[in-house]
Amino acid sequence: MNRFFKVCSYLLLVFNILLVFLLIFEAKVRIPVWVSPFGRLHPMLLHLPIGFAVVLVLLLLFKKEVETKSYAFLLKLILIITALSSCIAALMGFFLSREGGYDANLLQWHKWTGVGVSLFTYALTWFHEELAQKTKMLQLASVGGLILFILAGHFGAAITHGENYVFEAFEKKKDIQGFSQDSSMYQAAIQPILEKKCFSCHNDQKVKGELNMSSIQKILKGGKHGALWKAGDTLNSLLLQRVYLPLEQKEHMPPKGKEQLTVEEVALLTAWIKEGADMKKTVKDYVPLSKAKALAFKIAGSKSTEKTYSFAEASESTLAEVNTPFCVVAPLANGSPALEAEFFVSRKFDRKSLENLSKVKEQLVELSLAKMPVKDEDIALIAKFPNLEKLNLNQTDITGNTLDQLAQCKLLNSVALSGTKISKDKLQKLLILPALTEVFVWNTSLDSVAIQALSKQFPRVTINGGYREDPNEILKLNPPILVNEEFILKKNTAIELKHTLKNVQIHYTLDGQNPDSTTQTIYDKPLVVDNYTRIKAMATKDGWRASGRIDYTFFKSSFSADTAILLSEPNPRYTGKGAKNLIDLKKGPIDNHQDAAWLGYQNKDFVSLIEFKKPVPLTTITISYLQKIGSHIMPPAEVEVWGGNSEADLKKLQKVMPEQPEKMQDNANLGINVSIKQGSYKVIKLIVKPLPKLPKWHSDKGKPGWFFIDEVLFN
Amino acid sequence: MENEFFKNRLNITRRHFLSKSAVGLGSMALGSLLVPNLFTGGEESLAQLPLGLPHFAPKAKRVIYLFQNGAPSQLETFDYKPLLNKMAGEDLPESIRGGQRLTGMTASQTKFPLIGSYFDFKQYGQSGAWVSDMFPNMAKIVDELCIIKTMNTEAINHDPALTFIQTGAQVGNRPSMGAWMSYGLGSENKNLPAFCVLLSRGRGNGQGVYSKLWTNGFLDSTHQGVVFSSGEDPILYLKDTDGIDKDSRRRMLDKLAELNHLGFETNGDPEVQAKVQQYEMAYRMQTAVPELTDLSKEPDHIVKMYGPECLVPGTYAANVLLARKLSESGVRFVQLYHQGWDQHGNLPNEMPLQAEDVDRSSAALIMDLKQRGLLDETLVIWGGEFGRTNYCQGTFTKDNYGRDHHPRAYTIWMAGGGVKPGIVYGETDEFGYNIIKDPVHINDFHATVMHLMGLNHEQLTYKHLGRRYRLTDVAGKLVPGIIA
């Protein structure tokens with residue numbers, strides 16, 4: 001017997017330490033699956049300590065009737081068994097509680113009273129002998145223990161059976177009407193939510209926040225902060241404000257720890273208030289488009305938001321068998337037995353992959369064959385998937401002849417047929433499917449009249465006809481597109497334009513004037529130009545508004561110079577790559593004047609000497625410069641061109657004063673054509689004066705202008 | 001021995017002490033079996049769920065993110081604030097500004113004159129949402145949109161703000177949203193990358209985009225965003241070289257893979273494996289991509305629907321159309337960037353050009369997905385990296401003004417896959433400056449997008465440099481108010 005006591009005392013120690021340990025690390029504990037059956041034995045085992053406790057009390061009461069030695073032994077035995085069974089029950093209870101789903105408040109109470117029982121009885125096994133001497137203390141301990149037992153038992157019972165389980169029979173029965181079209185929306189859909197989620201704190205007994213929700217009148221009266229809702233005004237309805245607050249906030253309802261409203265319930269309350277919060281309006285009186293009605297039906301129909309499937313999961317090897325790079329079959333989510341299959345790359349479509357899907361015919365709920373060369377006879381294969389819910393046949397080759405075979409798919413609710421040869425009659429055969437709620441028939445022969453007729457005939461099904469061209473809507477055309485990528489044209493290259501639409505006329509100018517639809521020069525072939533040219537173009541087409549304009553500058557280069565030197569240094573901030581910039585036929589970017597392709601001058605003339613190895617016959621010299629008025633980069637004030645056969649015998653050939661802009665203009669890379677007397681030249685000298693003062697209209701008028709050059713071109 | 005155990009419980013012998021301690025410790029050890037990683041920090045809740053599948057049934061399978069790069073002004077798009085027109089020219093009250101920091105561009109301004117929208121607003125649809133006159137097509141589909149007026153971020157300059165909304169952190173090197181989705185959900189179509197990036201540039205003042213916005217960060221490089229070219233060929237170098245046929249290409253890849261596996265065995269670098277997968281993907285893309293550019297199965301009126309620019313490669317409209325085709329072909333995450341929304345000045349002239357670029361095609365995308373039955377499984381997001389100030393930057397005139405960066409409140413919209421259609425979520429004050437109801441922080445936005453895709457943002461993690469990272473890192477709350 002001693003051995004028994006010894007083992008028991010060790011077990012008690014083990015279990016109680018384990019219990020305390022688990023409580024300390026409660027938040028971090030993860031219960032493995034194999035433990036859960038132990039947890040679930042809690043409701044059975046908890047009756048043991050209760051029974052033993054009763055025996056213990058009886059023993060105390062009838063102490064005098066029992067022989068002293070037997071009494072001591074019995075007391076010890078029963079006490080230790082009570083303690084042990086309490087402790088095991090508490091541990092099991094702990095495991096069970098981790099499964100969740102219990103009222104957090106009650107659970108806390110039950111947990112701590114239960115643990116209290118376990119520790120209390122354990123303590124008794126240590127001190128019962130001392131207590132046995134002091135009758136008062138013993139009685140006190142027994143009474144205390146008994147109260148603990150009763151409390152723990154009561155809270156536990158309340159968790160499993162609900163509060164007020166015992167006296168429920170005395171409560172006045174409220175008749176809660178089931179969901180029916182004839183009952184009021186409030187009774188059918190709103191009241192059940194309030195009862196389930198709000199009532200426990202806002203009732204005749206417990207009136208938190210002075211709000212009592214036990215009757216319609218009391219609800220309408222509101223609480224401490226006034227009425228619960230303003231009909232039609234979701235933003236100012238207190239109920240919704242509280243519901244939408246973040247969970248962490250104290251005012252959030254239902255409070256943290258209580259069962260929360262589901263997303264759908266929130267949506268329903270919102271929609272109901274938005275649609276007038278009418279307490280009497282019956283469900284059927286709501287218009288068909290009513291959101292509240294749809295949600296009420298949805299909630300009544302399916303209590304759980306996550307869809308569950310009754311069929312078994314397909315094995316991994318089966319999944320591997322049906323998957324190819326062009327037919328992807330995967331579960332809808334981790335752990336879900338339902339599968340979706342999608343086909344990709346029409347050139348690689350293999351009918352065998354579709355046949356192969358019969359291996360997972362139970363599990364297949366979504367199938368997409370969009371753009372695959374699926375024929376009418378393949379519908380028979382699809383009809384073999386009994387649980388199919390969603391089918392995408394967009395842009396397939398089906399004509400609809402065999403769609404009636406899909407009647408075998410009793411759960412099919414969504415079918416997409418956009419871009420197929422389906423017709424009204426054939427669609428009709430599909431629309432009788434019992435579960436069907438939506439079909440998509442954009443870009444088919446069905447016009448809006450046909451869709452309207454079918455919608456009337458099958459109000460259950462949403463028939464989506466999609467976008468239709470509005471003949472009255474006139475759109476703006478997109479501008480012409482420049483084909484060239486280089487803006488320096490070599491000898492025989494031409495300027496090429498195009499447009500992405502057919503039958504478009506491209507109007508253009510080369511003289512800097514803005515073209516419009518009356519401009520007579522119409523682009524018909526690539527344009528060959530002789531010199532620096534600014535091309536502006538726009539497009540027109542019947543039934544469209546004229547396009548915006550494009551504006552490009554082209555530089556022509558017939559002769560490449562061999563050397564260039566700078567006789568005056570550029571501003572140290574904009575030295576670029578030096579003189580060779582001028583003849584490398586590389587354009588600088590318009591939006592970045594700090595790019596190394598640009599040379600910048602201010603308060604100082606640009607002077608450069610450019611040489612050819614052999615004399616060349618020149619008629620025009622083009623200077624390519626940057627105009628960026630906001631950054632003070634302006635056209636030059638004056639350009640002088642000198643020429644000759646050596647540096648020593650240069651003659652002044654031409655001097656031009658370029659036009660200055662008269663108002664703000666966009667940034668641009670522009671050119672100045674300087675015509676010179678035709679002749680043969682080996683050396684050309686350029687002197688360019690930057691604009692000494694910004695014009696009067698400029699916001700920084702009077703400051704010196706900049707001159708930026710990237711290229712000199714010879715023709 | 002009898003009763004010894006109970007009688008001498010307070011003066012325990014060493015033997016008893018040791019044996020009891022052993023038992024006590026043993027029971028703690030037993031308990032610790034139920035507390036995984038007790039001594040390795042609090043990571044136990046992050047038990048890795050299998051990759052490549054949603055954690056729970058997703059509301060959306062794919063995302064198309066129409067990113068408006070440069071930050072379009074909320075006050076000229078969806079957040080109508082007539083008070084600003086009434087108070088035009090008056091200084092922003094300090095009580096409203098509340099010490100908000102300024103950018104370097106307006107820090108030297110002594111006055112902050114309020115300015116209302118140059119463009120009129122009207123209410124549209126059953127939701128009665130306000131939309132500016134610049135967006136007539138978006139206005140038509142407003143009942144499909146979930147407009148969130150209370151986005152807010154922590155960054156006040158483009159680079160950190162862009163990096164934040166794209167990768168969940170203001171500093172670089174974190175994986176972007178698309179990379180996380182690719183990592184968590186895998187690709188639907190094995191013949192295309194799971195994460196594609198399309199770039200376009202508008203006519204307004206622009207801000208750069210750069211590869212750190214679509215980086216895989218520390219994730220495997222197969223999750224990196226693949227940037228499509230803006231030319232006629234969206235993916236370069238896919239055609240077989242002259243003289244190389246499919247068979248010899250196949251043989252070459254097989255041999256190369258053998259060599260790479262040998263290399264992997266010696267150096268163990270996982271990037272070698274990634275490279276092999278990328279070669280295989282490229283090989284399959286050779287058959288999948290030509291279908292994407294093929295418009296022959298589209299009806300002619302697609303041009304009117306998306307606007308004529310949709311045929312010009314590299315434009316926003318063309319990218320939106322391509323995005324629809326990519327998404328339809330099972331690309332998880334298509335990320336567009338449209339540059340040119342940074343209106344520090346000249347707003348009344350520049351913004352209509354930007355709006356013209358994006359309005360029609362963005363609305364068309366929603367309609368197009370809907371008529372194909374794909375809208376309920378595709379999440380479309382439209383918006384920028386932060387908002388713009390309610391006061392004028394630079395010289396104040398009634399018909400020409402600019403707006404500086406404003407991180408405290410701005411507007412984006414989402415549509416399709418699992419978001420509530422036809423709602424306006426959240427409220428800003430009358431000045432359009434502060435949020436007064438239902439803020440949505442960038443982290444919350446990420447958490448919600450992940451939720452819609454069937455991912456728990458707290459459970460999709462990657463261990464790097466000794467700790468686990470998430471897209472939302474240590475923050476982020478779901479926004480149930482926008483989830484349908």
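1. Let's start with the overall form of chain A in this predicted model. Its radius of gyration is 45 Å, whereas a compact globule of 715 residues would have one near 27 Å. The C-alpha trace of chain A fits that picture with a span of about 145 × 70 × 60 Å along its principal axes.

2. A look at the domains is a good next step. Five are assigned in chain A: domain 1 covers 2–167, domain 2 covers 185–291, domain 3 covers 306–464, domain 4 covers 471–556 and domain 5 covers 563–714. For one pair, domain 3 and domain 4 of chain A, the C-alpha centres are 48 Å apart.

3. On secondary structure and packing, you will find 17 helices and 20 strands in chain A. Of its 715 residues, 33% are buried. Taking the contacts in chain A between residues at least 6 apart in sequence, 66% link residues at least 24 apart.

4. Now to the partner chain. Chain A brings 59 residues to the contact, and chain B brings 58 residues. On the side of chain A that touches chain B, at least two residues each come from helix 1 (2–24), helix 6 (104–133), strand 1 (327–331) and strand 5 (414–416) of chain A. Helix 1 of chain A gives the most to this side, namely eleven residues.

5. Which kinds of residue, nonpolar, polar or charged, form the side of chain A that touches chain B? There are 32 nonpolar residues, 16 polar ones and eleven charged ones on that side.

Definitions and conventions
Residues are numbered from 1 along each chain as its sequence is written. Chains are lettered from A and ligands numbered from 1 in the order in which they are written. This is a predicted model: local features need pLDDT of at least 70, side-chain atom pairs count only at pLDDT 80 or more; totals for chains, interfaces and linings use all residues. Two residues are in contact if their C-beta atoms, placed from the backbone, lie within 7 Å. Helices (H or I, at least four residues) and strands (E, at least two) are DSSP runs, numbered from the N terminus. Ala, Val, Leu, Ile, Met, Phe, Trp, Tyr, Cys and Pro count as nonpolar, Asp, Glu, Lys and Arg as charged, and the others, Gly among them, as polar. The radius of gyration is taken over C-alpha atoms; the globule rule is 2.2 Å times the number of residues to the power 0.38. A residue is buried if 20 or more other C-beta atoms lie within 10 Å of its own, exposed if 12 or fewer, and partly exposed in between; C-beta atoms are placed from the backbone. Domain bounds come from an automatic or database domain assignment.
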